[in-house]
Amino acid sequence: MKRGKSILFELIRMILLLISVSILAFVLITKAPIDPLVSYIGTESTLSQEAKNEIAEYWGLNDSLPERFLTWANHVLHGDMGTSITYKRPVVDIITERFAYSFVLMLMAWLLSGVLGFILGVICGMKSGSIFDRMVKFFCLAMKSAPTFWLGLLVLMIFAVILGWFPLGMAAPIGKVASEVTLGERLYHLVLPVMTLTLVSMSEVVLYTRQKLIEIMNSDFILYARTRGENKRQIVMRHALRNIALPAITVQFASFSELFGGMALAENVFSYPGIGTATTAAAMNADVPLLLGIALCSALFVFTGNMIANGLYGIFDPRIREGGNND
């Protein structure tokens, strides 16, 4: 019964979130200084005023703000997010196509940052105060303060321009048909964007895991384990890892929003054809339908990540699972 109420509560929260994001995004985007009509026809267009009025009427630009929002919301509820002004294609098709690229990029960076961050955090916690610990801590603090755009340019300059180990960008070799691109070539083009996002995202997991392990190693039950003759490695493997796994997973899933924002910047640096580059193009052209669709999908994606983290609590913490079964 309690689990059913929890699921219902999460669904209500998701609906309220999507409604709030829709209203806020619609107001902010429609009030932007860029005129969508001018972006659509161009600044040097020779179209007559009548033709411009017909285009504005077709896109619903002459309606009041509430009317435009209600019309858009009604279409969204029926599975129609409109047509992109930038790409002249349905918004759903563009988001589906671009999200497939972004999802692969985010998934690889998210997994690498989580695994590497957790391992480095454990090592630093075990070697607290050592030279290795101080170096890793300094590196993580530097990565947390470094802008993703700047870090991407630095990675691009070192590994693509100076060393020439990797391509400058794109998701596949230039001039090659998509059907002929191999999996190895796609992964090869993913290395630098994934490296950038991993460096940006792993710092918080490293620092949080390190601090949590240090706190646990100084706790009373760890002191008791030492009196029984267990060494540091045994203590970490038998006792500490179970207690730091849940906080580490929580931090990792909570980083979805930051990772999504960093992804948009990284994609523009490496000219990667994902949601980030589509967002930039839509913003430059005041593409209201596409921007609203991306805002909705982004909010849903981040909320889903947080909801998954909540669901995993019961798996990694038996006390939560037992508490849920008692009801």
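Helix α6 is where I'll start: the elements covering its buried residues include α5 (91-126), α7 (148-162) and α8 (183-217). Before going further, please keep in mind that this is a predicted model.

The buried residues in question are D133, V136, C140 and M143. Looking down the axis of α6, you find these buried residues within an arc of 95°, so they line one face of the helix. The general background is that an α-helix has 3.6 residues a turn, so residues three or four places apart point the same way. On the face of α6 turned away from the buried side sit the exposed residues I131, R134, M135, F138 and S145. So that face carries I131, M135 and F138 as well as R134 and S145, and they count as exposed because each has over 50% relative accessible area.

A check on the geometry of α6, which runs over residues 131-145. It has 15 residues, and at 1.5 Å a residue the helix should span 21 Å; the end C-alpha atoms are 21 Å apart, so the two agree.

Now the whole chain. It has 14 helices and 0 strands, so there is no β element to discuss, given how DSSP runs are assigned here. The chain has 327 residues, and 39% of them count as buried. Among contacts with a separation of 6 or more, 73% are between residues 24 or more positions apart. The exposed area of the chain is about 18500 Å², and carbon and sulfur atoms supply 66% of that.

Next, salt bridges. How many are there by the rule used here? The count comes to 2. One joins R210 and D133, with the closest N and O atoms 2.7 Å apart. This pair links distant parts of the chain, since R210 is in helix α8 and D133 is in helix α6, 77 residues apart. Are R210 and D133 buried or exposed? Both are buried. D133 is thus one of the buried residues of α6 already listed, and α8 is among the elements that cover them.

The other pair is R89 with E97, whose side chains meet in a salt bridge at 3.2 Å, N to O. R89 has 32% relative accessibility and so counts as partly exposed. E97 is also partly exposed, at 38%. In general terms, side chains of opposite charge can pair when their charged atoms come close.

Staying with α8, consider I214, which lies in that helix. I214 is buried, with a relative accessible area of 17%, and the reason it falls in that class is the cut-off of under 20%. Leaving out residues up to four places away in sequence, I214 touches G125 and S128. I214 and C124 are 90 residues apart in sequence, yet their C-alpha atoms are 9.0 Å apart in space.

Helix α5 also has a residue I want to show, S102. At 1% relative accessibility, S102 counts as buried. Which residues is S102 in contact with, leaving aside neighbours within four places in sequence? They are M263, E267, Y272, G274, I275 and G276.

Two residues have backbone angles to look at. K88 has a positive phi of about 55° although it is not a glycine. K88 lies in the loop between α4 (65-77) and α5, and it is partly exposed, with a relative accessible area of 48%. The second is S271, a residue other than glycine, with a positive phi near 50°. S271 is placed in the loop between α11 (256-269) and α12 (275-284). Its relative accessibility is 39%, so S271 counts as partly exposed.

Last, the surface. Which residues make the nonpolar surface patch of about 620 Å²? The patch is made by L8, I12, I15, L16, I19, I23 and V27. Take I19 as an example from that list: it lies in helix α1, residues 2-30. I19 has 44% relative accessibility and counts as partly exposed.

To recap α6: its buried residues line one face, and D133 on that helix pairs with R210 in a salt bridge. That is the end of my part.

How values were computed
Residues are numbered from 1 along each chain as its sequence is written. This is a predicted model: local features need pLDDT of at least 70, side-chain atom pairs count only at pLDDT 80 or more; totals for chains, interfaces and linings use all residues. Side-chain values use heavy atoms; hydrogens and water are left out. Patches are made of residues with over 30% relative accessible area and no salt bridge: like charges are joined within 9 Å, nonpolar side chains (Val, Leu, Ile, Met, Phe, Trp, Tyr) within 5 Å. Accessible areas come from the Shrake-Rupley method with a 1.4 Å probe; for residues, only the protein chains shown count as cover. A salt bridge is a side-chain nitrogen of Lys or Arg within 4 Å of a carboxyl oxygen of Asp or Glu. Helices (H or I, at least four residues) and strands (E, at least two) are DSSP runs, numbered from the N terminus. Buried means under 20% relative accessible area, exposed over 50%, partly exposed in between (1.4 Å probe, protein chains only). The expected span of a helix is 1.5 Å times one less than its number of residues. The arc is that of the directions from the helix axis to the C-beta atoms. Contact means heavy atoms within 4.5 Å.
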